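Trainee: Could you take me closely through one part of this structure? I would like the surface around the nucleic acid, then whatever else helps me place it.

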Amino acid sequence: MSKEKPSIPKGTRDFGPATVVKRNYIFGVIKRTFEKFGYLPLETPAMEQLSVLTGKYGDEGDQLIFKILNSGDFLAKTKPEDIEEGYKHLTRKISEKALRYDLTVPFARYVVMNRNEISFPFKRYQIQPVWRADRPQKGRYREFYQCDADVVGTNSLLCEAEIVQMINEVLTTLGLSDFTIKINHRGVLAGIAEAIGEKGREGDICVAIDKLDKIGQEGVRKELLERGISEGAVQKLEPLYTLEGNNEQILDQLQALLGDTDEGQRGLKDLREVWQYLKSLDSQALSAQNLSEQSRLLLDVTLARGLSYYTGCIFEVKVNNVSMGSISGGGRYDNLTGMFGLPGVSGVGFSFGVDRIYDVLEELGLFPSSSQVGTKALIVQFDKASERYGLPVLQKLRDAGIASELYPEAAKLKKQMGYADQKNIPYVILIGSEEMATGKLKLRNMEQGEQQDLTVEEIISTLK
RNA sequence: GUGGUUGUAGCUCAGUCGGUUAGAGCACCAGAUUGUGAUUCUGGGGGUCGUGGGUUCGAGCCCCAUCUUCCACCCCA
């Protein structure tokens with residue numbers, strides 16, 4: 001092998017300065033909103049014990065966890081028989097750590113480890129990358145950021161209502177107006193399964209009906225039958241796809257259908273309570289009208305979500321009229337900490353997918369110019385004398401809060417001007433012998449190509 | 001994990017049936033212009049054709065493997 005061309009792993013990306021600036025704008029909006037609702041920041045390690053992560057995301061999820069090979073002689077404890085027992089067995093022998101798959105499970109782990117120091121309800125937000133050994137696709141990366149907000153230690157459905165409020169606030173602040181917050185409840189799904197005579201089969205039913213908008217009613221029917229749901233049950237299920245009316249009317253219809261199932265009862269009661277809270281909060285999610293949906297908050301009985309730890313309300317957010325999957329999702333999990341030996345702590349949370357939001361804002365041209373930062377003025381120098389003269393000027397500009405730089409060498413003017421041009425610096429200040437003599441510096445406006453002779457103070461007041 | 005797709009200059013892409021020295025635009029560098037960028041003109045540098053094998057007198061082009069890209073599925077932010 002001769003010179004090796006450098007590369008980065010599949011599904012990962014470098015972020016150039018322009019991209020980071022825009023991403024930070026999104027992070028900023030999300031952070032400010034979370035903090036406004038009383039959530040505090042938390043960070044956890046990039047890697048967790050493998051045992052903390054396995055079994056929390058289902059079999060599919062376990063396969064997508066990036067495992068970290070034990071350091072040193074990772075084969076020291078293995079025997080030839082271990083290989084024959086298959087990769088799952090072998091994995092436990094050679095890997096004890098893994099990259100985090102999401103932020104919710106590490107959060108639950110943190111809560112359990114710090115249960116005595118935390119006062120409940122505990123509200124935290126967390127913005128960090130997560131890793132999935134998935135095959136990359138549009139909007140799907142192997143390393144991506146999640147922005148989670150969770151609250152544990154209360155069953156109150158005010159939390160669910162506030163999640164709706166936060167989603168609405170973040171997305172509208174980012175300039176999005178046509179999006180749908182879908183909400184459903186695991187209890188409703190369980191109640192449906194029971195009401196159609198397939199109690200306990202909601203898992204299979206969910207996976208199938210979740211695809212309704214993609215593969216259509218016939219496709220779902222086929223998949224349900226393949227999964228062993230009876231013909232009669234499928235027929236009873238199908239009227240649910242096309243429930244008519246607004247959210248409250250749908251709730252009433254569901255009441256009639258599932259009212260006598262315990263789980264259905266529980267789900268509907270929760271959902272009604274969420275609506276009640278949102279009404280009292282005068283929520284925009286109830287009042288705002290979308291272009292493409294009748295309501296921004298939409299009760300959708302076909303929303304299922306894969307993660308197996310959800311037990312109550314579940315959410316998913318879709319921006320309408322863009323080619324992008326969901327940009328946010330979450331739900332209530334009653335027993336996540338129970339897996340780590342702390343039962344009886346209910347939690348609810350959700351997550352924004354920044355990478356997807358970025359792509360959506362880019363597609364819709366919604367990044368404001370104010371989200372661009374950069375140098376405002378470049379001081380051009382001709383020689384040592386002008387550099388010496390320029391240094392205090394530079395400091396004065398910075399003291400005045402003006403982002404500025406002095407070109408660090410007496411390069412050709414063409415080169416220095418070109419530098420300003422390329423970095424999109426709007427003003428250039430020229431300090432030559434004439435300027436030093438008069439104290440009037442040349443301020444050149446790079447967009448208009450005009451320049452005027454001004455004192456440092458005049459320049460500062462112009463640029464401020 | 002399954003099926004397909006992509007890779008040629010820093011970037012976007014041409015490249016005929018397998019045939020001599022692989023091209024263009026943009027970008028970059030230098031000069032025209034010793035105190036003025038973006039515009040104009042002139043010149044210049046830059047390629048192991050993703051990588052490794054194979055077929056052939058001869059491969060950017062055909063075959064195999066591998067990596068990467070994008071897409072569909074599974075699943076998901």
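Mentor: What follows starts at the RNA and then works through the rest of the chain. Keep in mind that this is a predicted model.

Start with the residues around RNA strand B. There are 44 of them. Those that come nearest are Lys10, Lys138, Arg140, Ser326 and Met446. Which elements build this surface? β6, α17, α18 (433–438) and β15 (441–445) each supply at least two residues. The largest share comes from α17, with 6 residues.

Now the RNA side. Take the atoms of strand B within 4 Å of the protein. Sugar or phosphate accounts for 49% of them, and bases for the rest.

Three polar pairs show this atom by atom. In the side chain of Ser326, an N or O atom is 2.6 Å from a sugar or linking oxygen of RNA strand B. For Lys412, the partner of the side-chain N or O atom is a phosphate oxygen, at 2.7 Å. Arg444 addresses a base: one of its polar side-chain atoms lies 2.8 Å from a base oxygen of the strand. So sugar or linking oxygen, phosphate and base each appear in these pairs.Next, β6, one of the elements supplying that surface. β6 spans residues 143–152 and packs against the buried residues of α15. Helix α15 covers residues 354–364. Its buried residues are Val354, Asp355, Ile357, Tyr358, Val360 and Leu361. They also pack against α1 (17–36), β9 (313–319) and β11 (347–353). Gly365 follows the helix, with a positive phi near 65 degrees.

α17 has a feature after its end too. Asn424 sits in the loop between α17 (413–422) and β14 (427–431). Asn424 is not a glycine, yet its phi is positive, about 60 degrees. Its relative accessibility is 65%, so Asn424 counts as exposed.

Asp282 is another non-glycine residue with a positive phi, near 55 degrees. Asp282 is in the loop between α13 and α14 (284–287). Asp282 is exposed, at 66% relative accessible area.

Helix α13 itself holds a charged residue to check. Asp270 is found there, within residues 262–280. Asp270 is buried but has no salt bridge. Arg266 carries the nearest side chain of opposite charge, 4.5 Å away. A salt bridge here requires a nitrogen-to-oxygen distance within 4 Å, so that pair does not qualify. Beyond its neighbours within four places in sequence, Asp270 is in contact with Leu157 and His185.

Gly191 is in helix α8 (residues 186–195). Is Gly191 buried or exposed? It is buried, at 0% relative accessibility. Setting aside neighbours within four places in sequence, its contacts are Leu258, Thr261, Glu263 and Gly264. Met324 is 133 residues from Gly191 along the chain, and their C-alpha atoms are separated by 31 Å.

One backbone detail remains. The peptide bond joining Phe120 and Pro121 is cis, with omega about -5 degrees. Pro121 lies in the loop between α6 (104–113) and β5 (122–131).

Last, the overall division. Chain A has domain 1 (179–320) and domain 2 (373–463). Their C-alpha centres lie 62 Å apart.

Note on methods: Residues are numbered from 1 along each chain as its sequence is written. Chains are lettered from A and ligands numbered from 1 in the order in which they are written. This is a predicted model: local features need pLDDT of at least 70, side-chain atom pairs count only at pLDDT 80 or more; totals for chains, interfaces and linings use all residues. Side-chain values use heavy atoms; hydrogens and water are left out. Buried means under 20% relative accessible area, exposed over 50%, partly exposed in between (1.4 Å probe, protein chains only). Helices (H or I, at least four residues) and strands (E, at least two) are DSSP runs, numbered from the N terminus. Contact means heavy atoms within 4.5 Å. Lys and Arg count as positive and Asp and Glu as negative; His and the chain ends are not counted. Domain bounds come from an automatic or database domain assignment. A residue is near a molecule or strand if one of its heavy atoms lies within 4 Å of it. A polar contact is a pair of N or O atoms within 3.5 Å; within protein, one must be able to donate a hydrogen and the other to accept it, and residues adjacent in sequence count only if both atoms are side-chain atoms.
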